[in-house]
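Thanks for making time this morning. I would like to walk you through how two chains meet in one model, and then through a few charged pairs.

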There are 2 protein chains.
Amino acid sequence: MKPGLNLCFLGFGNVSRTLVRLLADRETELRDRHGITYRVTGIASRRLGWIANPSGLDPTAVRGAGFPARAKPEAKSNSLTFTTAQNVREWLAAARADVLFEATSLDVQTGQPAVDHIRAALEHGAHAITANKGPIVHAYRELRDLAAKQGKRFLFESTVMDGVPIFSLFDQLPAIHLQGFHGIVNSTTNVILSEMEQGLSFDEALKKAQALGIAETDATHDIDGWDAAVKTAALITVLMDVPIRLEEIAREGIRDLTPQALRNARRDGWPFKLVCRAKREGDRVKASVAPEKVLATSPMAKISGTSSYIYFETDIFPGLAITEENPGLYATAYGMLADFLRVSSAAK
Amino acid sequence: MKPGLNLCFLGFGNVSRTLVRLLADRETELRDRHGITYRVTGIASRRLGWIANPSGLDPTAVRGAGFPARAKPEAKSNSLTFTTAQNVREWLAAARADVLFEATSLDVQTGQPAVDHIRAALEHGAHAITANKGPIVHAYRELRDLAAKQGKRFLFESTVMDGVPIFSLFDQLPAIHLQGFHGIVNSTTNVILSEMEQGLSFDEALKKAQALGIAETDATHDIDGWDAAVKTAALITVLMDVPIRLEEIAREGIRDLTPQALRNARRDGWPFKLVCRAKREGDRVKASVAPEKVLATSPMAKISGTSSYIYFETDIFPGLAITEENPGLYATAYGMLADFLRVSSAAK
């Protein structure tokens, strides 16, 4: 049995809360099958501040952490006492963090403050696991090299296609050459396009996606193709080992598509999808995110709702495609759990 | 740089010869990017006998090894001299084997002699990499445990879906629970069914598949569903951790399907495919291989020629599907190369 690991959560929205539940759900399995024990020693968010207790705390008992209030808290006494730090470095130190789960929201243009959080964690000597795509696009090589120097891991499996192990799959494809890929990686636009084909207006379709909990209150990032472009950039940066700036990706969102155009396209057998594409051209990669008409019988046309799809072109496998159908509630949080198991087995 | 590894090839048909070419093709990349150097110190087959030279030999210069004869052999002198051993254990010792590539042909009922070869390699202290499904179905737990005891690896990524990293993918899905799967994993029957839909008789379609190099001279194993059943058993044994005997898999081949029935089914929008299925039921797994009518617009209906497809049902991802389209010539051999890179990095 390895010594218990101290886990810290930064950004305490849906993904982090689901991860806390998933960790609790799998606690016995992690201990008995993987020899991993842990305790939560820090949680932090804009609302909560920097909460730490190196002896462990129960996130579900912290007021304002987003869990249902308990009539009779069952938590151990020390789990309700904590200190409050002033900044991320103080907090990591106070919590004696072994693993940081970073799940703050994406800043497309700078990747901040997530980049600073991950840098601080690695410098502190913790593994850094993020659900935030920004740091990959804005600081992948720096953070990767820093992690290597520190003997820690920087992992981000939940950033693309929920927790499907896309990045890890390519760790299992050594000495293969990725020439390009195409696919559908943004759920919000996929749901909106389907609903508009069924007759809803853009605004109605967006409201429905929001009501389903798929689209955020500010869905601009999805609708204008930013989310898909950032994911495309992350895949290119990591899997093709070619750094690419966001502005190099030709980007077009779905705002200009009318319900009429969508219905006509579907009727003609060539429905619209928001497609991301990347193709190696010499030392560079040409990439785009744009609505495309795809043949109704093609795999991309079948990707509905929250499902996603990526088709990879490699020298060995001309076409290797991954489809994720109807991800469950736990899918994104699972990606972080799987990263946690990776760092834990590396920490043996 | 790690010390050069001694590689031995047992069974020297198409897969092994392609692997020799692929290794030569990637030699610089393996050395410069992965720090791996190697030499071939043994090749063996029924025809060649047990050939070994611990100083290295050039398989492409060995007469009868299946490579084009050379007008002027460029090989170093010692690579054309070798000793001949009497059996697999003597041979592994004479070749000072670090890695065995086992690619003898499948014996469905016993898994032999591949099981003995792998056991001998692990006991000798070599890693064992096989393209043969027999040992997984007949001796998986024994060989896995023997490998662990010896501190060596027993890997078999090329046995299902050519070299697509199916088994390795699940190494990257820790603490996930696989409930079942379905898919198309046998190329010969897939090609024959397509050709028969186009109007060929069964015999003509089989001859065409043989002429294309897809079906073997004796295609009974494919046609009667044995190949698909063995692959299904391998997936169940390894990924669901439930040992299953071949006779527990309900198995039906494609012999009874007439061109007329196939054409009618395709015309009605429900073409026939040879589908493998597995489903967890309590502590056991229920499994089958049989021709099934599938909806023409479903993913399985789109799997044509040598392509293959598996849809996995897990607790986190209700549907996670892998499609391999038109595998290249190197696909199966690549699976063994990737296993080689796995054992080499483990041997650091």
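Let me begin with one contact across the interface, where the side chains of B:Asp315 and A:Arg26 meet in a salt bridge at 2.7 Å, N to O, a salt bridge being a side-chain nitrogen of Lys or Arg within 4 Å of a carboxyl oxygen of Asp or Glu. Before going on, I should say that this is a predicted model, in which local features need pLDDT of at least 70 and side-chain atom pairs count only at pLDDT 80 or more, while totals for chains, interfaces and linings use all residues. Residues are numbered from 1 along each chain as its sequence is written, chains are lettered from A and ligands numbered from 1 in the order in which they are written, and side-chain values use heavy atoms, with hydrogens and water left out.

Between chain A and chain B the rule finds two salt bridges. In the other orientation, B:Arg26 pairs with A:Asp315, again with N and O atoms 2.7 Å apart at the closest. B:Arg26 lies in the loop between helices H1 (14-25) and H2 (27-34) of chain B, and A:Asp315 in the loop between strand S12 (308-314) and S13 of chain A, so the pair joins two chains; helices (H or I, at least four residues) and strands (E, at least two) are DSSP runs, numbered from the N terminus. B:Arg26 is buried, at 6% relative accessible area, whereas A:Asp315 is partly exposed, at 30%, where buried means under 20%, exposed over 50% and partly exposed in between (1.4 Å probe, protein chains only).

How much area is buried between chain A and chain B? The value is about 3,300 Å², of which carbon and sulfur atoms give 60%, counted as the accessible area (1.4 Å probe) that two parts lose on being put together, summed over both. On the side of chain A, the residues that lose the most area are A:Gln172, A:Ile316 and A:Tyr334, together 19% of what that side buries.

Strand S13 also pairs across the chains: S13(A) and S13(B), residues 319-325, run antiparallel over seven bridges, and pairing requires at least two DSSP bridges. Within this pairing, A:Gly319 has B:Glu325 as its bridge partner.

Finally, inside chain A, A:Asp224 and A:Arg255 form a salt bridge at 2.8 Å, N to O, and these two residues are 31 residues apart. A:Asp224 is buried, at 18%, while A:Arg255 is partly exposed, at 45%.
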